[in-house]
Amino acid sequence: MKLVIDESRCKGCNLCTMVCPYHIFQEGDRLNERGIIVPRLDRPERCPNCRLQKLYGRRLCGACALICPDQAIHWDEEKPYEAQKVVIEY
Ligand code: SF4
Ligand code: SF4
């Protein structure tokens, strides 16, 4: 699962930066084409590997998605790892 901020919906309120227990959401530093400073993600792979899953009783705490007023946060399913054939030349 890959954490994604939908830049077409985000209004840069930074509420998400205040709730994540891992501080994955960090205040951004660049304007996008809509003139919004969208938060940046710091090592977002920590989210679906959360150590607190048993405490939550589910895989994600979901605090960021709950607090986002614009439903701009979601998780994309990623393709499972596929083995690749490689040619090794000596
Ligand atoms: S679901 Fe929880 S741990 Fe994952 S990014 Fe959102 S607030 Fe952070
Ligand atoms: S809470 Fe939602 S709208 Fe606000 S900065 Fe985070 S992603 Fe953007």
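In what follows, Ala, Val, Leu, Ile, Met, Phe, Trp, Tyr, Cys and Pro count as nonpolar, Asp, Glu, Lys and Arg as charged, and the others, Gly among them, as polar. With that settled, colleagues, let me turn to the structure above, which is a predicted model.

I begin with ligand 2. There are 14 residues around ligand 2, and those that come nearest are Cys 10, Cys 13, Leu 15, Cys 16 and Cys 68. By class, this shell comprises 10 nonpolar, two polar and two charged residues.

Now to ligand 1. Here 13 residues surround the ligand, with Cys 20, Cys 47, Cys 61, Ala 63 and Cys 64 nearest. What is the make-up of the shell around ligand 1? It holds 12 nonpolar residues, one polar residue and no charged ones.

I move next to strand E1, which spans residues 2-5 and contains Ile 5. Strand E1 pairs with strand E4, residues 73-76, in the antiparallel sense, over four bridges. Within this pairing, Leu 3 has Trp 75 of E4 as its bridge partner. The two faces of E1 are unlike: Leu 3 and Ile 5 make up the covered face, while Lys 2 and Val 4 make up the uncovered one.

Let me close with Ile 5 itself. Why does Ile 5 count as buried? Ile 5 does so because 20 C-beta neighbours lie inside 10 Å. Leaving aside residues up to four places away in sequence, Ile 5 touches Cys 10, Val 38, Pro 39, Ala 72 and Ile 73. Of these, Cys 10 is also among the residues nearest ligand 2. Finally, Ile 5 and Gln 71 are 66 residues apart along the chain, and their C-alpha atoms are separated by 9.1 Å.

How values were computed. Residues numbered from 1 in each chain as written. Chains lettered and ligands numbered in written order. Predicted model: local features only at pLDDT ≥ 70, side-chain atom pairs only at ≥ 80, totals over all residues. Near = placed C-beta within 6 Å. Buried ≥ 20, exposed ≤ 12 C-beta atoms within 10 Å, placed from the backbone. Contact = placed C-beta atoms within 7 Å. Pairing = 2+ DSSP bridges.
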